[in-house]
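Trainee: I have a model open on my screen and would like to learn how to read it. Could you take me through it feature by feature?

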Amino acid sequence: MFRLTEYMNQLVNPTPVRVRRGEGPVKPVVIWNLTRRCNLRCRHCYTVSADVDFPGELTEEQAMNTLEDLGEFKVPALILSGGEPLDCKYMFPLAERARKLTRVLALSTNGTKIHGDTADKVADIGFNYVGISIDGIGKTNDWFRGVDGAFEDALRGVRELKKRDVKVGLRFCLTEGTQHHLPDLLKLCDDEGVDKFYLSHLVYAGRGDKHRGEDAEHLRTRKGLDLLLDRAWTAASEDKPLDIVTGNNDADAGYFLQWAEERFDADKVAHLRTHLAAWGGNSSGLGVANIDYLGKVHPDTYWSDYTVGNVKTDKFSDLWTGDDKMLATLRTRPRPLKGRCGACKIKDICGGNTRIRALQVTGDPWAEDPACYLTNAEIGLADADRLETTPFRGKSNDPKHEFF
């Protein structure tokens, strides 16, 4: 996850770079898919969820035992996800216990079920943050998420939580069929008092792999980042707060650095670059981990075909600190990257971007990420004038394919 607002603030109010201390692997943020069941049918769903019960999910006892281990291991943050986590029968007792064991507790939901008693329970537990996924305004969202009325129900969830003083964010996946709603969604954040906006680039996993042809063209992605950079600068310089983060394309950090180079003096840019290098980009297998609905542990939520082990039989803490070869390679800096990623001059910033996309497209997890939208000149390669763009091969329910 690239915390754009946090690093934008370094250009206004610079702070010292945080240096990691201690030995052993980083304690990861754990994204836990409590269930595969979900009442929506989203086109980018990496778990291929549906509104049915799936066999093999963790029992409440198994989940509670795993939670205790995560607490003893002192993971810094726990994100409860799905499917739709509110469809998990033991979500609330698990969350109540997790609130006492973790410093940061978040809920990732489609928001459609958050009203009445459910909204009260979410507020009472004291989640640090609730992320609600909305992929466009009105019918665009409903088409993308596969259920009529999903937009209005999710917006109701946002409003119900804001009434209860819960920190809320909108989560948006940038694709060819949704990108034209990005300005509208940023306005929605301001209109509704939303605290955070998360832009996710499409990852080729689950239904997201099936619909990879709908990934946003590279030039369109750059336009989207321009819009986010403008809003993040407004937040930092004019005290109009909106916490903006992006995910699943760490080239965003390189694009931001280039933006800063065009506007600020060398000392500020050097300070920013030091912060970005300390962050290091993609954190799969290092600063982020996933437990899926079956109890399998993965380097992140999209690596469903690679399993480190299972919490039904082993402690998460033992699996994460074991001798798994893929985890060891993902934690290597620099990673053994190939192609454009291997030759890139800013790979210390992006960490090689999203490895699972490279794996899905080429069969090699260390090949170049096809969704990197930076030009050869911007990453220091020969043939500097070439800009690769992802051809649009998908279909949208909306003929409009341009911002504004």
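Mentor: Gladly, and let us start with one residue: histidine 180 sits in the loop between β5 (168-174) and α7 (182-192). Helices (H or I, at least four residues) and strands (E, at least two) are DSSP runs, numbered from the N terminus. This is a predicted model, where local features need pLDDT of at least 70, side-chain atom pairs count only at pLDDT 80 or more, and totals for chains, interfaces and linings use all residues. Residues are numbered from 1 along each chain as its sequence is written, and side-chain values use heavy atoms, with hydrogens and water left out.

Trainee: Is histidine 180 buried or exposed?

Mentor: Buried means under 20% relative accessible area, exposed over 50%, and partly exposed in between (1.4 Å probe, protein chains only). Histidine 180 has a relative accessible area of 4%, so it is buried. Glycine 224 is 44 residues away from histidine 180 in sequence, yet their C-alpha atoms are 9.0 Å apart in space. For the whole protein, 56% of the 404 residues count as buried.

Trainee: How far should I trust the model?

Mentor: Look at pLDDT, the predictor's confidence in each residue, from 0 to 100. Its mean here is 88, and 88% of the residues reach 70 or more. Over residues 204-216, though, the pLDDT is below 50, and this stretch has 54 contacts in the model beyond near neighbours in sequence. Contact means heavy atoms within 4.5 Å. Residues 385-404 also stay under 50, with 53 contacts beyond four places in sequence.

Trainee: How do I read a sheet?

Mentor: Strands of a sheet pair through backbone hydrogen bonds, either parallel or antiparallel. Two strands are taken to pair if DSSP finds at least two bridges between them. The protein has 16 helices and 10 strands. An open sheet of 10 strands runs in the order β7-β6-β5-β4-β3-β2-β1-β8-β9-β10, with mixed pairing. β7 (243-247) and β10 (309-310) are at the edges with a single partner strand each, so one side of each has no neighbour in the sheet.

Trainee: Which strands show me the parallel sense, and which the antiparallel?

Mentor: For parallel, take β2 (residues 77-81). Strand β1 (residues 29-33) pairs with β2 over 4 bridges in the parallel sense, and tryptophan 32 has leucine 80 in β2 as its bridge partner. Another 4 bridges join β2 to β3 (residues 104-109), again in parallel, with leucine 78 partnered by leucine 105 in β3. Of the 5 residues of β2, 4 are buried. For antiparallel, go to β9 (residues 296-298) and β10, which share 2 bridges; there lysine 296 stands opposite asparagine 310.

Trainee: What links β2 to β3?

Mentor: Together with helix α3 (residues 91-101), they make a right-handed β-α-β unit. A crossover is right-handed if, with the strands pointing away from the viewer, the path from the first strand over the helix to the second runs clockwise.

Trainee: What about unusual backbone angles?

Mentor: Most residues other than glycine have a negative phi, and most peptide bonds are trans. In the loop between β2 and α3 you find glycine 83, and the peptide bond to it from glycine 82 is cis, with omega near 10°. The bond from arginine 333 to proline 334 is cis too, with omega near -5°. As for phi, aspartate 239 has a positive value of about 55° although it is not a glycine; at 66% relative accessibility, this aspartate counts as exposed. Asparagine 248 has a positive phi of about 75°, but counts as buried at 15%.

Trainee: And how do I look for empty space inside?

Mentor: Rolling a probe the size of a water molecule over the atoms shows where empty space is left. A search of the whole structure finds 2 cavities of 30 Å³ or more. On a 1 Å grid over the protein atoms alone, a cavity is a set of points where a 1.4 Å probe fits but cannot get out, and lining residues have an atom within 4 Å of a point. The largest cavity has 14 lining residues, with Cys341, Cys344, Cys350, Asn353 and Cys372 nearest its centre. The elements giving two or more residues to that lining are α14 (339-343) and α15 (347-350).

Methods. 1 Å grid on protein atoms, 1.4 Å probe; cavity = no way out; pocket = protein on both sides within 12 Å on 5 of 7 lines; lining within 4 Å. Points joined across faces, edges and corners; volume = space filled by probe spheres on them.
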